[in-house]
Structure formats: C-alpha cells, structure tokens
Amino acid sequence: KIVMPYCVINEVSSVLTYKWNKNIANNFLNFIKNNEDIFIENNNIFDEIDFFVWIDEKVSFTDLAVIKIAFDFWLELITFDKQMIKIFKSL
C-alpha cells in the first residue's frame, strides 16, 4: 500500500492543472480515488501545525506533513528531496 496524504493530492492536482491542464489533473485524481493500493490519509492539521512550529528549518508545510505522516506510521519516506530525507532521519 501507498499512503497518500490529502495535502499531497491537493498540491499535485494543482500543479498538474496549472502546468498542463485540468484533464490531466482529473485523470490523476481518478487514478488515486480508484486505486486499491493507495490509502488516502486525511491529515490532522493541528498535529501538523505543531510539527511545523517545532521544526526550525525553512521547509514547506506540505513537506513537513509528509514527513510527519511517514514517521507516525513507520513508513519508508520516498522522495528525491534531500532536505526532507535529512529531517526525516533526524527524528
């Protein structure tokens, strides 16, 4: 299974819409919605706010939400973002 945070779905669909077109974003959303291997995590915004405030580094809120969810569920963090990997390993 893949854990897909709500905030990531939001961010990806927005980027797809503005960089390419809404049809591509719709295809992505339908794929996510209908894929049995993807678990959509409904983020707890208050926990994520606390985590964002706790981390001193300059990093996006969504990136920190993804790190927190991976940490909370004992998941492997899959990203090419070196800053995210560094923060995740420091927890």
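**Exercise 1.** Leaving aside neighbours within four places in sequence, which residues is methionine 4 in contact with?

*Solution.* Keep in mind that this is a predicted model. Start at methionine 4 and skip the neighbours within four places in sequence: the contacts are then Ile9, Ile32, Ile38, Phe39, Ile40 and Glu41. Next, place Met4 in its wider setting. The largest nonpolar core has 20 residues, and Met4 is listed among those with the most contacts inside it, along with Ile32, Ile55, Leu64, Ile67, Leu77 and Ile87. Helices 1, 2, 4 and 5 each supply at least two residues of this core. Helix 4 gives the largest share, five residues.

**Exercise 2.** Work out what span helix 4 should have, and find out how enclosed the helix is.

*Solution.* First, take the span: twelve residues at 1.5 Å a residue should cover 16 Å, and the end C-alpha atoms are 16 Å apart, which agrees. Second, look at burial. Nine of the twelve residues are buried, so helix 4 is largely enclosed by the rest of the structure. Among these buried residues are Leu64, Val66, Ile67 and Ile69, as well as Asp63 and Lys68. Third, ask what covers them: the buried residues pack against strand 1, helix 1, strand 2, helix 3 and helix 5. Finally, step past the helix to tryptophan 74, which has a positive phi, near 55 degrees.

**Exercise 3.** Is isoleucine 49 buried, partly exposed or exposed?

*Solution.* Begin by finding isoleucine 49 in helix 3. Its relative accessible area is 35%. Buried means under 20% and exposed over 50%, so this value falls in between, and Ile49 is partly exposed. Now look around it: Ile49 joins Ile45, Phe46, Phe52 and Val53 in a nonpolar surface patch of about 490 Å².

Notes
Residues numbered from 1 in each chain as written. Predicted model: local features only at pLDDT ≥ 70, side-chain atom pairs only at ≥ 80, totals over all residues. Heavy atoms only, no water. Core = buried A, V, L, I, M, F, W, Y, C linked by side-chain atoms within 4.5 Å. Buried < 20%, exposed > 50% of the residue type's maximum accessible area, 1.4 Å probe, protein only. Helix = DSSP H or I, 4+ residues; strand = E, 2+ residues; numbered from the N terminus. Contact = heavy atoms within 4.5 Å. Expected span 1.5 Å × (residues − 1). Patch = residues over 30% accessible without salt bridge, like charges linked within 9 Å, V, L, I, M, F, W, Y side chains within 5 Å. Areas by Shrake-Rupley, 256 points an atom, 1.4 Å probe, with all protein chains shown as cover. Salt bridge = Lys/Arg side-chain N within 4 Å of Asp/Glu carboxyl O.
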